[in-house]
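Let's take a walk through this structure together. Keep the sequence and the 3D view side by side as you read.

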Amino acid sequence: MNSTLQVIPFSGTRHSRESGNPSLIVWIPDQVGNDVSTQFLEIHNDIRIKSNIQILDVIKIMPLKTEFTLLTFYKFVAIKNPEQEVKRHLIFCRDIGMKGRIYLWEEGISATVSCNKGQLQAYKAFLVSNAYFNDIEDIDIKSSSVKSHAFEKMIVKYRPEIVSLGIKVDPKQVKKVYQKISVDEFKNIVDSSDQNYEILDMRNSYEYKLWHFKNSLPSWTVNFKEVKALVKEYGKKFKNKKVVMYCTWGIRCEKLSVLLKNEGVDNFYSLDGGIVKYINTHNDGNWLWNLYTFDWLVSTPVGDEKTHTKIWTCIYTGASTDYIENCRYSPCNARIITTRKAYKQHLGFCSQECFDKGKKDLLIKPDFSLDKKDYKDIRSQIKLGKLKLEETREGISRYLDNKLGKHSFNHKESQKEEYVDSCMI
Ligand SMILES: [Zn+2]
């Protein structure tokens, strides 16, 4: 046996939990150099060998300064024992020092992780070695390069449902009913403003509000579960059109395809690979502005100076901006598109309603960059009887009115996103 040992270094030395000795992942192409059937060896103090190749040496890990990749993928596949897969993944991913989140459930796998070059290769080969995951599509086109790890920890968990629709779907059924539109076909539809098509953004409405494809419509949902109630309406509303749905990665649309099919709706197609595959393939300005992924942890600027389009305007002033804050009236907490200056001038309230309510019930998040009151402490002092409610309320009301001064609110009512039934009709 004369295989070449190829060491994949990874940043930071990891140590075996038992012995404290360095652990290594070694990548060994098979004897004929066919990298499809790579084999893996995980070396700890006690060496676990999955093949009959001999380990000739213990190789010191070299910390590697390298580019990092943000890797994302999912696959609908029936997994018999997801808990067992969770364990396998967790041990492997932690050992190679990868970071991020991987969820496994009976219907499949969904991963968002950051890794250096070695970790990337190691993890890809780990997937190839597993019959459930050896044919995952679009891994490369959905990944992007980042300067460092995008996550602090490696989390691998079982979740009963990843895309919350409140229904289970059979992965085989997904494959059967899912009707794809390729990124190139999608580009043609958007570029030509083809009237035979309607483009529907299946993300939540606040995400649509921030950024979306040119000429697309929002799904008008606050969370994905609500889509379930709208499926019949979609069918009726768009019965004379071909509808192309899209979402960030494609996973929502795949799952939704099953629901639509069950309702007898068959004129819905999905952008294959989602927004991420599109923007990694075409730099054409059809996507308007940035994209937040991974639960708002990472914002990816899309396009370059020529194609990067800003669509945000400040809710107070209408100025173009790229800044988001939250309304500081706790029961509202609306996401506000604003500028830092205008946000400060309006003391962090999104609307006249939140400002007025805040003065009454004092449910205001303390923020010393906006004013000097510790509302949390004030509320507890009132509770303990150390401060009188009416007096305190009046004092704070005067204080806030003075601070607001000449500025007034553009919006009378709270800007909290609410699902509005009539939006679909
Ligand atoms: Zn508000």
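Setting aside its neighbours within four places in sequence, serine 414 is in contact with Cys332, Ala334, Cys350, Ser351, Glu353 and Cys354. Being in contact here means that the C-beta atoms of two residues, placed from the backbone, lie within 7 Å. Serine 414 sits in the segment after helix H12 (389-404). Its C-alpha atom is separated by 5.4 Å from that of serine 351, although the two are 63 residues apart along the chain. Serine 414 counts as buried because it has 20 C-beta neighbours inside 10 Å. The rule is that a residue is buried if 20 or more other C-beta atoms lie within 10 Å of its own, exposed if 12 or fewer, and partly exposed in between, with C-beta atoms placed from the backbone.

A quick word on what you're looking at: this is a predicted model, where local features need pLDDT of at least 70, side-chain atom pairs count only at pLDDT 80 or more, and totals for chains, interfaces and linings use all residues. Residues are numbered from 1 along each chain as its sequence is written.

Now for the sheets. Helices (H or I, at least four residues) and strands (E, at least two) are DSSP runs, numbered from the N terminus, and two strands pair if DSSP finds at least two bridges between them. One open sheet has 5 strands in the order S8-S5-S7-S6-S9, with mixed pairing. Its edge strands are S8 (144-146) and S9 (154-158), each pairing on one side only. Another open sheet of 5 strands runs in the order S10-S15-S14-S11-S13, and its pairing is parallel. Strands S10 (180-181) and S13 (216-218) stand at the edges with a single partner strand each, so one side of each has no neighbour in the sheet.

Here are some of the strand pairs:

| Strands | Sense | Bridges |
|---|---|---|
| S5 (residues 68-76) and S8 | antiparallel | 3 bridges |
| S10 and S15 (residues 268-271) | parallel | 2 bridges |
| S19 (residues 323-326) and S20 | antiparallel | 4 bridges |

You can zoom in on single residues too. Phenylalanine 68 has valine 146 in S8 as its bridge partner, isoleucine 181 stands opposite leucine 271 in S15, and asparagine 326 stands opposite arginine 335 in S20. Strand S20 (residues 335-338) alternates its side chains: Ile336 and Thr338 point to one face and are buried, while Arg335 and Ile337 point to the other and are not.

What about the core? The largest nonpolar core has 61 residues, and those with the most contacts inside it are Ile102, Tyr123, Met202, Val244, Met245 and Tyr246. Such a core is a set of buried Ala, Val, Leu, Ile, Met, Phe, Trp, Tyr and Cys residues joined through C-beta atoms within 7 Å. Domain 1 (68-158) and domain 2 (171-287) both give residues to this core, so it lies between them. A second, separate core has 14 residues, including Ile315 and Tyr343.

Finally, two helices. In helix H8 (residues 274-281), 6 of the 8 residues are buried; among them are Ile275, Val276 and Tyr278. Helix H2 (residues 117-128) has buried residues as well, including Leu120, Tyr123 and Phe126.

Key. Domains from an automatic or database assignment.
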